[in-house]
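Trainee: I am new to this structure. Could you take one part of it and walk me through it closely?

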Amino acid sequence: MDARTTVVVVTWRGREHIGACLDALAGQTRPHRTIVLDNASDDGTAAVVAAHPLAPEVIRLDRNAGYAGGLAAALPSVGTPYAAWLNDDAAPAPDWLAALEDALEHDDRAGAASARLSRPDGAVQSVGVRLTALGYGADAVTGPVFGFCGGAALVRMSALAEVGGVPAGFFCYYEDTDTSWRLRLGGWTVLSAPDAVAVHLHGASTRPGSRAFHRWNERNRLLMLLRCAPLSAAVRELARFAAITLALPLRRAVPAAPNFAVGLRLGVLVEVAARLPGTLRQRRAIGRRAVVDRAAVWAERGE
């Protein structure tokens with residue numbers, strides 16, 4: 001049976017956990033190619049991958065391009081109908097890929113299928129992404145879902161190409177929700193496949209809650225909305241973010257979370273402003289490709 005899927009594992013300093021990921025891929029019940037995209041790891045990751053009996057194909061970058069940039073660099077090498085996105089700290093069950101492939105093959109308008117990510121204690125972390133009323137992507141623990149979680153998902157390559165690929169400039173976070181948006185705008189659906197299970201360490205390569213985490217999340221949410229959402233929603237959320245930022249110094253009590261630090265938020269606004277001309281060009285290109293109205297997709301968020 002010929003492989004229908006190429007599994008893309010993006011890694012950065014993954015020495016401590018990528019071996020378990022590759023072990024799990026070696027045990028899959030469906031044939032597949034495996035590409036490891038190494039984001040210039042300097043901790044011995046390359047030696048671990050080279051010694052693994054799975055013998056994955058390796059693409060090594062000379063700089064860290066992030067998860068989004070790593071995916072964008074690897075996907076041109078995918079020659080199969082499907083590409084699986086898999087975090088290097090996720091270990092899929094043996095029938096993970098089979099369940100994902102079956103989900104897409106039973107629905108020819110499904111552009112992507114999201115696996116069930118479980119924590120090591122068995123608790124469900126995600127079966128996909130929901131979109132909140134403020135345009136935040138959040139883990140969904142039950143379906144249906146608005147989008148797929150890029151930690152362990154299967155994407156139809158023809159659909160991905162049709163809607164413009166991966167937003168490499170996001171670096172990290174929201175590349176999956178942005179891609180789900182564009183799939184829906186293109187008339188594709190996104191499925192949850194809860195029978196496709198992967199155990200996820202979550203945050204082994206990045207630190208959820210760190211300043212960098214919040215910077216990427218806040219910036220990329222705004223960029224995603226400017227690219228994909230109805231203009232009224234995108235402008236409203238950008239204005240809300242700016243207004244809260246300007247009001248924070250006047251508040252007596254401010255949450256301690258890094259995303260309420262004025263300096264971080266001003267940095268986000270500067271980055272969004274610098275990218276605004278390019279983002280608006282991207283918005284126009286996305287609109288030209290769309291076959292579904294942005295407002296209709298916004299209404300599908302289920303909030």
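Mentor: What follows starts at one buried acidic residue and works outward to its surroundings. Keep in mind that this is a predicted model.

Start with Asp176. It lies in helix H6, which covers residues 175-185. Asp176 is buried, yet it has no salt bridge. Which side chain of opposite charge is nearest to Asp176? That is Arg182, and it is 9.6 Å away. A salt bridge needs a nitrogen and a carboxyl oxygen within 4 Å, so this pair does not qualify.

What does lie beside Asp176, then? The backbone nitrogen of Gly150 sits 2.7 Å from a polar atom of the Asp176 side chain. Leaving out residues up to four places away in sequence, Asp176 touches Trp85, Phe148, Cys149 and Gly150.

Two of those names come up again in the core. The largest nonpolar core has 55 residues, and Trp85 and Phe148 are among those with the most contacts inside it. Leu75, Trp181 and Leu183 are also on that list. H7 supplies the largest share of this core, eight residues. Apart from this core lies another, of 29 residues. Among its members are Val49, Ala84, Trp96 and Leu104.

Now look at Trp181. Again setting aside residues up to four places away in sequence, Trp181 touches Leu131, Phe146, Met224, Cys228, Ala229, Pro230, Arg294, Val297 and Trp298.

H6 also has a helix packed against it. Helix H3 spans residues 66-74 and is mostly covered, with seven of its nine residues buried. The buried ones are Gly66, Tyr67, Ala68, Gly69, Gly70, Leu71 and Ala74. They pack against H6 and against four strands: E1 (5-11), E2, E3 and E4 (82-87).

Asp176 lacks a salt bridge, but the structure holds 16 of them. Compare Asp38, another buried acidic residue, at 3% relative accessibility. The side chain of Asp38 meets that of Arg60 in a salt bridge, 2.8 Å from N to O. Asp38 is in strand E2 (residues 33-38) and Arg60 is in strand E3 (residues 57-60), so the pair ties together parts 22 residues apart in sequence. Arg60 counts as partly exposed, at 47% relative accessibility.

A second pair involves H7. Arg219 and Glu271 meet through their side chains in a salt bridge of 2.9 Å, N to O. Arg219 belongs to helix H7 (residues 211-228) and Glu271 to helix H9 (residues 262-289), so this bridge ties together parts 52 residues apart in sequence. Arg219 is buried, with a relative accessibility of 2%. There is also a network: salt bridges with shared partners join Glu218, Arg221, Arg236, Glu237 and Arg240.

For contrast, take Arg15 and Glu16. They form a salt bridge, with their closest N and O atoms 3.0 Å apart. Arg15 is partly exposed, at 42% relative accessible area. Glu16 is exposed, at 66%.

Finish with a residue on the outside. Ser232 is found in helix H8, residues 231-247. Is Ser232 buried or exposed? Its relative accessible area is 58%, and the cut-off for exposed is over 50%, so Ser232 counts as exposed. The C-alpha atoms of Ser232 and Ala295 are separated by 9.7 Å, although the two residues are 63 apart along the chain.

Note on methods
Residues numbered from 1 in each chain as written. Predicted model: local features only at pLDDT ≥ 70, side-chain atom pairs only at ≥ 80, totals over all residues. Heavy atoms only, no water. Helix = DSSP H or I, 4+ residues; strand = E, 2+ residues; numbered from the N terminus. Buried < 20%, exposed > 50% of the residue type's maximum accessible area, 1.4 Å probe, protein only. Lys, Arg positive; Asp, Glu negative; His and termini not counted. Polar contact = N/O pair within 3.5 Å; in protein donor to acceptor, adjacent residues only side chain to side chain. Contact = heavy atoms within 4.5 Å. Core = buried A, V, L, I, M, F, W, Y, C linked by side-chain atoms within 4.5 Å.
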